[in-house]
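Me: I should like to go through this structure and ask, for each label, what grounds it rests on. Please set the values against the definitions as you reply.

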Amino acid sequence: MELEKYRIHSKMARGLEKAQIVFKNARVFLSHTGEFVSGDVAVADGVILGIGTYEGEKEIPLDGKLLVPGFIDSHLHLESTLVTPGELVRQAAQCGTTTFIVDPHESANVSGTDGIDYILEQTESVPANVYVMMPSCVPATHVDDNGCTLTAGKMKAYLENPRILGLGEVMDAISVIEGSVSMYEKLNLFQNRVRDGHAPFLSQGDLAAYALAGISTDHECVTYEYAMEECRNGMQVLIREGSAARNLDAIVKGIVENHTDTESFCFCTDDKHIEEIRRDGHINYNVKRAVQLGLPLERALKMATIQAARCYGLKHVGAIAPGYQADFVVLDDEKNLNVEDVYYKGERIIPDEKAEIKPCPPMLKNTVHISKLKEKCLKLAHPGGKAHVILMEEGQITTQDSYGEVPWKEENGECIFVSDSRYQKIAVVERHKNTGKIGVGILKGFGLTGGAIASSVSHDSHNIIVVGDNDRDMILAVKELVRTQGGYTLVENGSVYKTLPLQVMGLMSDEGYEKVNETLADMIPKAHKMGIPAGFDPFITLSFMALPVIPEIRVTPRGIYLVKEDRMLRDPFER
């Protein structure tokens, strides 16, 4: 701050002159001490001057309502909301989230640095603080087929960007633990910055080696016990509550039951659909749910504010204190915790104000390249005996490798796998370079009957993933996404029921969240009527079935992958 401006602010802070804005008569949450105090908050030029008794040129009466720091989402992928970045930020900001720690590895896996540049440019002038973690694993692993490769050399150009905070989630834990040269180059490039983790279910020694590499956070904890193992290794646990992966209840219940210190915990959403954000909230939902589970409000608020700020080295947000940015959330009371107003740099965020949808470069709308696709590509010859089956788990993105008998029939003198209400076929079709690679597997627990469901959002390589109970509808679903250059589609009994086009890299729509919400409001209930259990978000859950860094079994364009064994199978019947 320039000296002259400081002198003016100093007089306001001391009450010698009126402040520009004063939030009057609030119950102010001080995240440094974890307490509420009654008083006024003085603001000038978007900066907090002090807490006490003040007069302002403009006064905003709060009448005893709670005034808390703007919430921080410590890890999310903007692309997973299905809308353009600016729209997502505006919607989530209305829920009180004013700082976003974004990992654009979805865009990078499709379009490389062009995808990263798109995220940076789209979030440059939004009413929130948007920071970016440089994607570390593009592709995610050695078995992926994605659109681009991001090396340490390509990352160097971004080091001077003040919005790049560190290295994004390091999913290739094996490369870290075994000391891969290319991985070490990336870690070394960000040795003085935050390095995010992605380390579900590592053994004790492997987890120690992973933390030894300087990786300091993880959002993949599913259980309280594993979260504590990471905390004991000095890692910050980002408690995730998204649309598909819902880990908050399990971890927070453990914290409450064991009276655990919460300094090593923050909140994140990771992947959350826009319609769910509008319906249920964003980080404010995490706070409210944690309190419902018995966590004191003060501790939940610290997890949502200053602890996340400290984790990522952000010294100007996360607290209501002199010199901090004036990002506030007004809550009605301690019981209901409803968001009434949100302020960014002292300016009120106008509810449902239209976000500008910036144009997208044409090259980012031409990313689905598939040809010569026929039903015979999906045939699974049944050689007899047992098969590896992907067993889905409700409310989670983890899977189990269920090895057992599967249904089959004889057709034209050949035994083949055949779907029924319990077992469906799942396939992943490479879509970036038109290689013709198709991996086919068997899925249990999804329940889809009478058609097929497909998506070009398929973490993290984002090939076309499709599930169905017959090959005809599965092929039709894939061809529909080639036609629209990406999206979600539902096929029923030989015809396309409805498609949500996601033209931007096959990940996002630039037609506005209203159109996205309207389409999903029809497609999601329809998918459930076709047999998908209510506990699954049909499209988000599907999108994780090809991610080879989440245990235990996945399907990729190369075939079936057993995660813990780091072993690729040509088909489900291979031992």
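Me: To begin with one residue, what is G281 in contact with, leaving aside its neighbours within four places in sequence?

Reply: This is a predicted model. In it, G281 is in contact with C95, K272 and E276. The term requires heavy atoms within 4.5 Å. G281 itself is placed in the loop between α11 and α12 (283-292).

Me: Why is G281 called buried?

Reply: Its relative accessibility is 4%, and buried means under 20%. G281 therefore counts as buried.

Me: How far is G281 from N366, in sequence and in space?

Reply: The two are 85 residues apart in sequence, and their C-alpha atoms are 33 Å apart.

Me: What makes the chain as compact as a globular protein of its length?

Reply: The chain has 17 helices and 29 strands. Its radius of gyration is 25 Å, and the globule rule gives 25 Å for 575 residues, so the chain is as compact as a globular protein of that length. Along the principal axes, the C-alpha atoms fill a box of roughly 95 × 50 × 45 Å. Of the 575 residues, 62% count as buried. Among contacts between residues at least 6 apart in sequence, 68% join residues at least 24 apart.

Me: What is the accessible surface of the chain, and which part belongs to carbon and sulfur atoms?

Reply: The accessible surface comes to about 21500 Å², and 47% of that belongs to carbon and sulfur atoms.

Me: Why is helix α2 described as mostly covered?

Reply: Helix α2 spans residues 85-93, and 9 of its 9 residues are buried. Among them are P85, E87, R90 and Q91. The label buried requires a relative accessible area under 20%.

Me: How many positive and negative side chains are there, and how far apart do the centres of the two sets lie?

Reply: There are 60 positive and 81 negative side chains, with the centres of the two sets 2 Å apart. A search of the whole structure finds 29 salt bridges.

Me: How do you know that K24 and D40 form a salt bridge?

Reply: Their closest N and O atoms are 3.0 Å apart, and the criterion is a separation within 4 Å. The pair links distant parts of the chain, with K24 in strand β1 (residues 19-30) and D40 in strand β2 (residues 35-44), 16 residues apart.

Me: Is each of the two partners, K24 and D40, buried or partly exposed?

Reply: K24 has 22% relative accessibility and so counts as partly exposed. D40, at a relative accessible area of 6%, is buried. The limit for buried is under 20%.

Me: What makes D352 and R278 a salt bridge?

Reply: The closest N and O atoms of D352 and R278 are 3.2 Å apart, and the limit is within 4 Å. D352 is in the loop between β16 (347-348) and β17 (387-392), R278 is in helix α11 (residues 274-280), and the two are 74 residues apart. D352 is partly exposed at 45%, and R278 is partly exposed at 36%.

Me: How do you know that E414 and K379 form a salt bridge?

Reply: Their closest N and O atoms are 3.7 Å apart, while the definition asks for within 4 Å. E414 belongs to strand β20 (residues 414-417) and K379 to the loop between β16 and β17, 35 residues apart. E414 has a relative accessible area of 31% and is partly exposed; K379, at 40%, also counts as partly exposed.

Me: Which residues are linked with K437 in a network of salt bridges?

Reply: D145 and R558 are linked with K437 in that network.

Me: Why is D63 called exposed, and why is L337 called buried?

Reply: D63 has 60% relative accessibility and therefore counts as exposed, the limit being over 50%. L337 has 5% relative accessibility and therefore counts as buried. Neither D63 nor L337 is a glycine. Phi is nevertheless positive at D63, about 50°, and at L337, about 55°. D63 is in the loop between β4 (56-61) and β5 (66-69), and L337 is in the loop between β14 (328-331) and β15 (339-344).

Me: What is omega for the cis peptide bonds from H459 to D460 and between P551 and E552?

Reply: For H459 to D460, omega is near -10°; for P551 and E552, omega is about 0°. D460 lies in the loop between β23 (451-455) and β24 (464-468), and E552 is in the loop between α17 (538-543) and β27 (553-556).

Note on methods:
Residues are numbered from 1 along each chain as its sequence is written. This is a predicted model: local features need pLDDT of at least 70, side-chain atom pairs count only at pLDDT 80 or more; totals for chains, interfaces and linings use all residues. Side-chain values use heavy atoms; hydrogens and water are left out. Helices (H or I, at least four residues) and strands (E, at least two) are DSSP runs, numbered from the N terminus. The radius of gyration is taken over C-alpha atoms; the globule rule is 2.2 Å times the number of residues to the power 0.38. Buried means under 20% relative accessible area, exposed over 50%, partly exposed in between (1.4 Å probe, protein chains only). Accessible areas come from the Shrake-Rupley method with a 1.4 Å probe; for residues, only the protein chains shown count as cover. Lys and Arg count as positive and Asp and Glu as negative; His and the chain ends are not counted. The place of a charge is taken as NZ of Lys, CZ of Arg, CG of Asp or CD of Glu. A salt bridge is a side-chain nitrogen of Lys or Arg within 4 Å of a carboxyl oxygen of Asp or Glu.
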